[in-house]
Amino acid sequence: MKKNAAIYCRVSTEDQAREGYSLPEQQEKLKDLCKFRDYNIYNIYEDAGISGKDMDHRPAFLQMLEEVKKENVNVIVAYKLDRLTRSVRDLEVLISELEKYECTLECAMDDINTSTANGRFFVRMLTVLS
């Protein structure tokens, strides 16, 4: 059975100026990843010009989590881990919440995939190191 993917893109104005990856560039890369993995794209969620310092002030992110809770989405695909959050605490909360609803996380540029035990271990180690 095909997985339903939520594509999540975020950029703050500082990120885009400094690192040069726009929302359309992130979207294109993630659409290609979904096609390669044979995922059905459920929806694309974008938070433009919003910091990743917390999860509470990003409308598209919160909407995406509601779809996870409704079990409409079983994989979140993001460009990089820092597009989801820059907080170690928030990442642990997010991973725990995704596990509760049997939803996995994949980050294209960080080679993160939480569908395996090794992937879950790796993402937690990254948060500790960051």
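## Helix α5: a buried face and an exposed one

In this predicted model, helix α5 buries Asp 90, Leu 91, Leu 94, Ile 95 and Leu 98. Viewed down the axis of α5, these buried residues fall within an arc of 135 degrees, so they line one face of the helix. The face turned away from that buried side carries Arg 89 and Lys 100, both of which are exposed.

The helix itself runs over residues 88-100, a stretch of 13 residues, and its span from first to last C-alpha is 19 Å, close to the 18 Å expected at 1.5 Å a residue. Beyond α5 comes Glu 102, which has a positive phi near 55 degrees.

## Helix α2: burial and packing partners

In helix α2, the residues that are buried are Leu 23, Gln 26, Gln 27, Leu 30, Leu 33 and Cys 34. Around the helix axis they cover an arc of only 125 degrees, which puts them on the same side of α2. The other side of α2 holds the exposed residues Pro 24, Lys 35 and Phe 36.

The buried residues of α2 pack against several elements, namely the strands β1 (4-11), β2 (40-48), β3 (75-78) and β4 (104-107), together with the helix α4 (81-84).

## Helix α2: span and exit

Helix α2 covers residues 23-37 and comprises 15 residues; the separation of its first and last C-alpha is 21 Å, close to the 21 Å expected at 1.5 Å a residue. Just after α2, Asp 38 adopts a positive phi of about 65 degrees.

Notes: Residues are numbered from 1 along each chain as its sequence is written. This is a predicted model: local features need pLDDT of at least 70, side-chain atom pairs count only at pLDDT 80 or more; totals for chains, interfaces and linings use all residues. Side-chain values use heavy atoms; hydrogens and water are left out. Helices (H or I, at least four residues) and strands (E, at least two) are DSSP runs, numbered from the N terminus. The expected span of a helix is 1.5 Å times one less than its number of residues. Buried means under 20% relative accessible area, exposed over 50%, partly exposed in between (1.4 Å probe, protein chains only). The arc is that of the directions from the helix axis to the C-beta atoms. Contact means heavy atoms within 4.5 Å.
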